[in-house]
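Visitor: Please give me a close look at one part of this model. Start with the residue I name, then work outward to its surroundings.

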Amino acid sequence: MNQLYILTDSNFTPLSELKNAAQDMLNSGIKLIQYRNKSQNHDISLLKWIVSLCDEFGAKLIINDDPILAVNCAAHGVHVGKEDGGVLRAREILGDKAIIGASCYNDINLAIKAQNDGANYVAFGAMFASQTKPNAKLCNHEIVKKAKEILSIPVCVIGGINSSNLQSVCALKPDFIAIVGAAYKPNSITQNILNLQNIIRK
């Protein structure tokens, strides 16, 4: 599928710019947006507005780390890491219809457990060195290939993916390709996404 999955970031998309950024992403055809803001300074009314806008575009807003925040802004789902209480807790809080993604880093066993616990997708990374998470361990690309073979839920890849390495990522045939920095640099969000989409279509 190779579908782009764009993450917000408090550095690239501070709250003052989030509304316009979300509009640019949706106008560019993005169907999955993850709100990631480690500062915990959230604007619930703004997030609710983005959820409504996503509904108009047939897109989904996923909240990073925080199932309670996802409930409070009526988001479409949550993405949890190993410190965030797990898939089962997120499902208990959000209910059956929510999208729940789980970070599996470079561990196929974590992915199998997440699938068994009811995750809707799993994410592997970092695929490459990343400025967003410079200390993240790299994930062997063979793990992604194995995940595609043995899992029945979608596989997402993340970490340092940009226009220079996107083609090699596409060769792994992930369902979702998560992008952070490359969505915001070197050009406008609209132009950056278009460039990435053109690479995927090759």
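Visitor: Is Ser 130 buried or exposed, and what is its relative accessible area?

Guide: Ser 130 is buried; its relative accessible area is 14%. The cut-off for buried is under 20%, so 14% qualifies. Bear in mind that this is a predicted model.

Now place the residue. Ser 130 sits in the loop that runs from strand 6 (121-124) to helix 6. Setting aside neighbours within four places in sequence, Ser 130 contacts Gly 159 and Gly 160. Gly 159 also gives a reference distance to another loop. Its C-alpha atom is 18 Å from that of Glu 83, with the two positions 76 residues apart along the chain. Glu 83 belongs to the loop between strand 4 (77-80) and helix 4 (86-94). Glu 83 is exposed, at 68% relative accessible area, whereas Ser 130 is buried.

The loop of Ser 130 has a backbone feature too. The peptide bond from Gly 125 to Ala 126 is cis, with omega near 10°. Ala 126 lies in the loop between strand 6 and helix 6. A cis bond also occurs from Lys 185 to Pro 186, where omega is near 5°. Pro 186 is in the loop between strand 8 and helix 8 (189-201).

Follow the loop into helix 6. That helix covers residues 141-150, and both Lys 145 and Glu 142 lie in it, three residues apart, or about one turn. The two form a salt bridge, with 3.3 Å between the closest N and O atoms. Lys 145 is partly exposed at 37% relative accessible area. Glu 142 is partly exposed as well, at 48%.

Helix 6 also reaches out through Lys 148. This residue forms a salt bridge with Asp 175, and the closest N and O atoms are 3.1 Å apart. The pair joins distant parts of the chain, 27 residues apart: Lys 148 is in helix 6, and Asp 175 is in the loop between helix 7 (166-170) and strand 8 (176-179). Their cover differs in class. Lys 148 is partly exposed, at 32% relative accessibility. Asp 175 counts as buried, at 12%.

Ile 150 is another helix 6 residue. Its relative accessibility is 42%, so it counts as partly exposed. Residues up to four places away in sequence aside, Ile 150 touches Ile 108 and Ile 112. Ile 200 is another matter: 50 residues along the chain from Ile 150, with 24 Å between the C-alpha atoms.

Step back to the charge pairs. Side chains of opposite charge can pair when their charged atoms come close. The structure holds four salt bridges. One of them links Lys 38 and Asp 65, with closest N and O atoms 2.7 Å apart. Lys 38 is in the loop between strand 2 (32-35) and helix 2 (44-57), and Asp 65 is in the loop between strand 3 (60-64) and helix 3 (67-72), so the pair ties together parts 27 residues apart in sequence. Lys 38 is partly exposed, at 47% relative accessible area. Asp 65 is partly exposed at 23%.

Asp 65 deserves a second look. Its phi is near 75°, a positive value in a residue other than glycine. Ala 74 likewise has a positive phi, near 60°. Ala 74 is in the loop between helix 3 and strand 4.

Last, the frame around these parts. The chain has eight helices and eight strands. It has 202 residues and a radius of gyration of 16 Å, which agrees with the value near 17 Å for a compact globule. The C-alpha atoms fill a box of roughly 40 × 40 × 30 Å along the principal axes. Of the 202 residues, 49% count as buried, and Ser 130 is one such residue. Among contacts with a separation of 6 or more, 57% involve residues 24 or more positions apart. The accessible surface is about 9,800 Å², with 48% of it on carbon and sulfur atoms. There are 20 positive and 17 negative side chains, and the centres of the two sets are 5 Å apart.

Technical notes:
Residues are numbered from 1 along each chain as its sequence is written. This is a predicted model: local features need pLDDT of at least 70, side-chain atom pairs count only at pLDDT 80 or more; totals for chains, interfaces and linings use all residues. Side-chain values use heavy atoms; hydrogens and water are left out. Helices (H or I, at least four residues) and strands (E, at least two) are DSSP runs, numbered from the N terminus. The radius of gyration is taken over C-alpha atoms; the globule rule is 2.2 Å times the number of residues to the power 0.38. Buried means under 20% relative accessible area, exposed over 50%, partly exposed in between (1.4 Å probe, protein chains only). Contact means heavy atoms within 4.5 Å. Accessible areas come from the Shrake-Rupley method with a 1.4 Å probe; for residues, only the protein chains shown count as cover. Lys and Arg count as positive and Asp and Glu as negative; His and the chain ends are not counted. The place of a charge is taken as NZ of Lys, CZ of Arg, CG of Asp or CD of Glu. A salt bridge is a side-chain nitrogen of Lys or Arg within 4 Å of a carboxyl oxygen of Asp or Glu.
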